[in-house]
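The following exercises are to be worked with the sequence and the coordinates at hand. Each task is followed by a solution in steps.

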Amino acid sequence: MTAGGAATEPLVHIKDFRMDFGDATVIRDLSFDVRAGETFGFLGSNGSGKTTTLRALLGIYQPTAGTLHIGGKPFEPSDGARLGYLPEERGLYKKEPVLDVMVYFGRLKGLGKAQAKAWSLDYLERVQLADKAAANLDKLSGGQQQKIQLGVTIMNAPELLILDEPTKGFDPVNRRLLMDIIEEQKLAGATVIMVTHQMEEVERLCDRVILLKDGTSRAYGTVEEVQEQFGGTVYRVDYDGVLPHSTLYDIALDSGGYAELAPRPGSGQAAVLRELVTAGVSVSSFTTARVSLDEIFIRVYGEQDQPVEARP
Ligand SMILES: Nc1ncnc2c1ncn2[C@@H]1O[C@H](COP(=O)(O)OP(=O)(O)OP(=O)(O)O)[C@@H](O)[C@H]1O
């Protein structure tokens with residue numbers, strides 16, 4: 001597996017992918033590319049089809065229809081040496097000592113024994129598990145086991161990393177540590193596909209994203225393009241009183257005292273502020289910000305099947 005071909009050829013190419021399980025169609029008309037060297041956020045609510053897509057890309061599922069290519073062709077087991085996959089379901093040999101398990105996987109991935117051991121010891125130090133090297137895996141906490149599994153996934157410096165919720169269940173400190181480790185892979189040139197529900201991780205790491213809903217794409221592009229697609233800006237307002245409904249904006253968020261207003265096309269800051277003041281709202285702060293990915297996520301998944309792009 002190599003990026004190969006013209007510089008513009010995507011490393012991962014998915015076109016018109018459809019997946020049926022029995023009578024149920026869980027993915028339909030799904031098309032997107034992942035470019036070599038980018039970090040790609042694969043986003044979507046629970047059950048929207050992310051894991052299914054990754055499994056079909058890796059040949060674990062047979063797609064009902066469509067093209068799923070890595071490096072210009074369907075995935076083959078021999079590509080595995082340059083690929084790191086952290087599956088959603090974690091699982092290592094739990095009755096074996098941590099270091100032995102890591103070295104075993106390192107050797108499977110083509111590292112020499114001494115190289116795998118040295119890498120593993122460094123990694124254990126890095127993730128604050130040096131004292132667990134001789135412990136059986138099942139004596140580690142869930143989060144600690146996940147750190148080991150991430151280590152096993154990246155130890156051969158894969159060209160393509162596919163991470164299904166790599167920070168699931170981590171506390172904020174450890175989540176940041178894992179993000180640092182993933183970012184290092186990115187900086188070293190890896191292409192990363194990352195499923196996550198953490199929007200701050202997306203804003204920090206991802207060059208481009210796709211948002212899936214019910215097995216189809218609802219937004220696709222750079223983070224900025226997706227923000228533009230959802231109105232681009234919001235007005236953040238600290239206020240006292242009752243927010244009027246208006247033709248100038250939609251109330252994207254209102255927690256009583258703080259609100260985010262999504263301006264409709266042509267509604268400038270001054271006009272919106274005037275509308276509030278005229279309605280008797282006491283405004284203590286009014287700022288403009290880009291619409292957050294969190295807010296976009298809530299709009300896409302919170303409103304059942306409403307065409308969010310088409311505000312009246
Ligand atoms: N092997 C299977 N047989 C039947 N249905 C399946 C199978 N695998 C997944 N599905 C269904 O496909 C849909 C998509 O599931 P998938 O696991 O891909 O979602 P996801 O986006 O990864 O969700 P989550 O964020 O909860 O992990 C769900 O409705 C699920 O029940």
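## Exercise 1: The sheet around strand S10

Strand S10 (residues 233-240) and strand S12 (residues 258-263) run antiparallel and are joined by four bridges. The model is a predicted one.

**Task.** Starting from this pair, determine the strand order of the open sheet of four strands, and state which strands are at its edges.

**Solution.**

1. Locate one residue pair: Val237 stands opposite Ala259 in S12.
2. Extend the pairing to the other strands: the order is S11-S12-S10-S13, and the pairing is antiparallel.
3. Identify the edges: strand S11 (249-254) and strand S13 (282-290) each pair on one side only.
4. Determine the twist: from one strand to the next, it averages 25 degrees.
5. Add the helix: H8 (residues 269-278) packs on this sheet and touches S10, S11, S12 and S13. The direction of H8 makes about 155 degrees with that of S13.

## Exercise 2: The sheet around strand S1

**Task.** Establish in which order the three strands of the open sheet containing S1 are arranged, and explain why one side of each edge strand is left without a neighbour.

**Solution.**

1. Pair S1 with S2: strand S1 (residues 12-21) and S2 are antiparallel and share seven bridges.
2. Check individual partners: Phe21 stands opposite Ala24 in S2, and Asp20 has Thr25 of S2 as its bridge partner.
3. Inspect the connection: the hairpin of S1 and S2 has two residues between the strands, and Gly22 takes a positive phi near 60 degrees there.
4. Write the order: S2-S1-S4, with antiparallel pairing. Strand S2 (24-34) and strand S4 (65-70) have a single partner strand each, so one side of each lacks a neighbour in the sheet.
5. Compare directions: neighbouring strands of this sheet are turned by 25 degrees against each other on average, direction ignored.
6. Place the helix: H1 (residues 50-57) packs on the sheet with contacts to S1, S2 and S4, and its direction makes about 115 degrees with that of S1.

## Exercise 3: The shell around the ligand

**Task.** Find which residues surround the ligand, and how they divide by class.

**Solution.**

1. List the shell: Phe21, Val26, Gly44, Asn46, Gly47, Ser48, Gly49, Lys50, Thr51, Thr52 and Glu88 surround the ligand.
2. Sort by class: two residues are nonpolar, seven are polar and two are charged.
3. Assign to elements: H1 supplies the largest share of the shell, three residues.

## Exercise 4: Positive phi outside glycine

**Task.** For Asp16 and Asp214, state where phi lies. Then decide how exposed Asp16 and Asp214 are.

**Solution.**

1. Recall the expectation: most residues other than glycine have a negative phi.
2. Examine Asp16: its phi is positive, near 50 degrees, and the residue is found in strand S1.
3. Classify Asp16: partly exposed, because it has 13 C-beta neighbours inside 10 Å.
4. Examine Asp214: its phi is also positive, near 50 degrees. Asp214 lies in the loop between strand S8 (208-213) and strand S9 (216-222).
5. Classify Asp214: with 16 C-beta neighbours inside 10 Å, this residue counts as partly exposed.

## Exercise 5: Domains

**Task.** State which domains the chain is assigned, and what distance separates their centres.

**Solution.**

1. Read the assignment: domain 1 covers 12-226 and domain 2 covers 233-290.
2. Take the centres over C-alpha atoms: 40 Å separate those of domain 1 and domain 2.

Methods
Residues are numbered from 1 along each chain as its sequence is written. This is a predicted model: local features need pLDDT of at least 70, side-chain atom pairs count only at pLDDT 80 or more; totals for chains, interfaces and linings use all residues. Two strands pair if DSSP finds at least two bridges between them. Axes are lines fitted to C-alpha atoms, for helices over the stretch in contact, and angles run from 0 to 180 degrees between N-to-C directions. Two residues are in contact if their C-beta atoms, placed from the backbone, lie within 7 Å. A residue is near a molecule or strand if its C-beta atom, placed from the backbone, lies within 6 Å of it. Ala, Val, Leu, Ile, Met, Phe, Trp, Tyr, Cys and Pro count as nonpolar, Asp, Glu, Lys and Arg as charged, and the others, Gly among them, as polar. Domain bounds come from an automatic or database domain assignment. A residue is buried if 20 or more other C-beta atoms lie within 10 Å of its own, exposed if 12 or fewer, and partly exposed in between; C-beta atoms are placed from the backbone.
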